[in-house]
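Q: I'm just getting started with protein structures, and I'd like a close look at a single part of this one. Could you walk me through it slowly, in plain words?

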Amino acid sequence: MNIIPERVFSGVQPTGNLHLGNYLGAIKRFVELQDSHDCIYCVVDLHAITNVLQDPVELAANIREVTAAFIASGIDPEKHIVFNQSQVKEHAELAWLFSCVARMGWMNRMTQFKEKAGKDREKASVGLFTYPALMAADILAYRATHVPVGEDQKQHLELTRDIAQKFNHDYSDRIESLGLGVPMQVGDETVNGYFPLTEPLIGGPAARVMSLRDGSKKMSKSDPSDLSRIVMTDDADTIGKKIRKAKSDADALPSEVEGLEGRPEADNLVGIFAALMETNKAGVLKDFGGAEFSKFKPALAELAAERVGPIASEMRRLQSDPSEIDSILKKGSDRARDIAAQTLADAKEIIGFIGARG
Ligand code: AQP
């Protein structure tokens with residue numbers, strides 16, 4: 001437990017094809033946390049260039065699309081902070097400091113790098129390898145205590161905690177002498193540190209939404225098959241078609257959650273239904289236990305269209321006025337920079353750089 005004011009931070013990459021997994025695993029939860037926390041939500045555009053060369057015009061459109069998705073889903077950019085990462089240069093500078101804290105061995109263990117780099121690692125960008133140091137900087141620039149993410153980001157969050165813990169430990173005397181320590185619980189001990197040990201908020205029936213074509217792969221923006229994902233701008237007919245064609249199996253749905261074991265596609269579709277309905281899998285099976293997919297799939301398609309449709313049309317309305325979105329991002333970036341600049345100045349002062357506080 002951190003004895004530091006609670007603050008939520010999270011981000012989404014503007015890499016196109018924003019999908020139902022991003023919405024249910026992340027954005028929907030961002031919206032829910034607004035009532036209980038101060039929240040900072042970021043379009044992490046610096047991350048978007050780590051793996052693929054982005055077309056400049058498309059990248060700008062995708063940054064606006066993610067911003068529109070945040071707002072159309074219910075994030076309030078006045079009460080909370082919504083901005084794009086590249087407008088706050090402190091992220092990149094803090095990432096450098098953290099890349100000197102993180103160890104090669106830690107980075108080498110990151111499964112996302114292994115998956116994305118594929119077999120020919122020599123051709124992967126250095127940025128793809130050091131990505132988790134930038135992600136730690138995104139979070140810790142705001143000394144965020146909680147980060148809502150999908151299951152796939154769990155390992156990166158653990159690395160963020162490792163970086164915070166090592167920094168706090170390496171500089172403990174200096175943090176103490178500058179009076180910058182905040183009491184925080186590490187195991188059984190209460191220690192003074194500067195960076196909080198951020199907690200991931202992962203869970204619910206949609207923590208890992210799987211591909212509609214293959215229940216063993218997560219729903220992803222970069223899957224070559226359009227049928228593998230529902231994108232947030234799909235209309236009701238497209239959603240209906242994708243769910244009709246979604247891989248399932250020959251059996252009826254079970255009445256108990258245990259009956260979904262060994263049936264990844266059925267488990268995924270029930271999980272999506274549960275998340276959209278704001279219930280759990282048991283609740284869905286209470287209504288649909290014993291039903292064939294021929295009955296369940298149309299109900300799921302109808303529900304998905306009902307939930308996604310209004311968000312998509314609000315996204316379209318917002319995207320029709322890019323200057324409004326750009327102005328939201330500018331204002332949000334100015335507010336974010338005020339916080340991040342203070343953290344960076346403290347971190348540089350702790351390390352011992354001259355002139356850190358300007
Ligand atoms: N399938 C998913 N189920 C639940 N949550 C998911 N997230 C991503 N996919 C799923 C969560 O969405 C947030 C934003 O993700 P991101 O855009 O930052 O990066 P990503 O995880 O790389 O997204 P993709 O769709 O999987 O892209 P590619 O194809 O490039 O790998 C994060 O909180 C993430 O956990």
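The part I have in mind is the spot around F30 and Y41: are these two residues buried or exposed? And what surrounds them?

A: Both of them, F30 and Y41, are buried. Keep in mind as we go that this is a predicted model.

Let's start with the two rings. F30 and Y41 form a stacked aromatic pair, with 4.4 Å from centre to centre and 10 degrees between the planes. The pair ties together distant parts of the chain: F30 sits in helix α1 and Y41 in strand β2, and they are 11 residues apart. The count of aromatic pairs comes to 13. Elsewhere, ring pairs join F98, F167, Y171, Y194 and F195 into a cluster.

Now zoom out a little to the pieces that hold these rings. Helix α1 covers residues 20-33, and together with β1 and β2 it makes a right-handed β-α-β unit. Strand β1 takes in residues 7-12, and its pairing with β2 is parallel, over 6 bridges. One place to find that pairing on screen is G11, whose bridge partner in β2 is C42.

Strand β2 itself runs over residues 38-43, and it's mostly covered: 5 of its 6 residues are buried. It also pairs with strand β3, residues 81-84, again in the parallel sense, this time over 4 bridges. Here C42 turns up again, because its bridge partner in β3 is F83. Right next door, V43 stands opposite N84 in β3.

Take a look at β3 while you're there. I81 and F83 point one way from the strand, V82 and N84 point the other way, and all of them are buried.

Back to β2, which holds two cysteines worth a check. A disulfide is a covalent bond between the sulfur atoms of two cysteines. So do C39 and C42 join up like that? The sulfur of C42 is 13 Å from the closest cysteine sulfur, in C39, so that is too far for a bond. For the cut-off, the two sulfurs would have to be within 2.5 Å. The disulfide count comes to 0, and C39 is in no disulfide. As for how covered they are, C39 has a relative accessible area of 3%, so it is buried. C42 is at 0% relative accessibility, so it counts as buried too.

Next, follow V43 and N84 outward to a residue that touches both. That's I63, which touches P14, V43, D45, N84 and L329, leaving out residues up to four places away in sequence. You'll find I63 in helix α3, residues 56-73. Its relative accessibility is 12%, so I63 counts as buried. For a sense of scale, try P132: the C-alpha atoms of I63 and P132 are separated by 20 Å, with their positions 69 residues apart along the chain.

What about the greasy packing? The largest nonpolar core has 61 residues, and those with the most contacts inside it are L20, L24, F70 and F296. Helix α13, residues 293-319, gives the most to this core, with 11 residues. Apart from it lies another core, of 51 residues, and I40, L94, L134 and L344 are among them. If you click on F296 and skip its neighbours within four places in sequence, you'll see that F296 is in contact with L253, L269, V270, F273, V284 and F288.

To finish, here are some spots for contrast, away from our starting point. R143 lies in the loop between α7 (126-140) and β4 (146-148). Its phi is near 45 degrees, a positive value in a residue other than glycine. With 19% relative accessibility, R143 counts as buried. The cut-off for buried is under 20%.

E278 also has a positive phi, about 60 degrees, although it is not a glycine. This residue is in the loop between α11 (264-277) and α12 (281-288). At 60% relative accessibility, E278 counts as exposed. And in helix α5, residues 104-108, there's G105, which counts as partly exposed at 34% relative accessibility.

Notes
Residues are numbered from 1 along each chain as its sequence is written. This is a predicted model: local features need pLDDT of at least 70, side-chain atom pairs count only at pLDDT 80 or more; totals for chains, interfaces and linings use all residues. Side-chain values use heavy atoms; hydrogens and water are left out. Buried means under 20% relative accessible area, exposed over 50%, partly exposed in between (1.4 Å probe, protein chains only). Helices (H or I, at least four residues) and strands (E, at least two) are DSSP runs, numbered from the N terminus. Two strands pair if DSSP finds at least two bridges between them. A crossover is right-handed if, with the strands pointing away from the viewer, the path from the first strand over the helix to the second runs clockwise. A nonpolar core is a set of buried Ala, Val, Leu, Ile, Met, Phe, Trp, Tyr and Cys residues joined through side-chain atoms within 4.5 Å. Contact means heavy atoms within 4.5 Å. Rings of Phe, Tyr and Trp (its six-membered ring) pair if their centres lie within 6.5 Å; planes under 30 degrees apart count as stacked, over 60 as edge-to-face and the rest as tilted.
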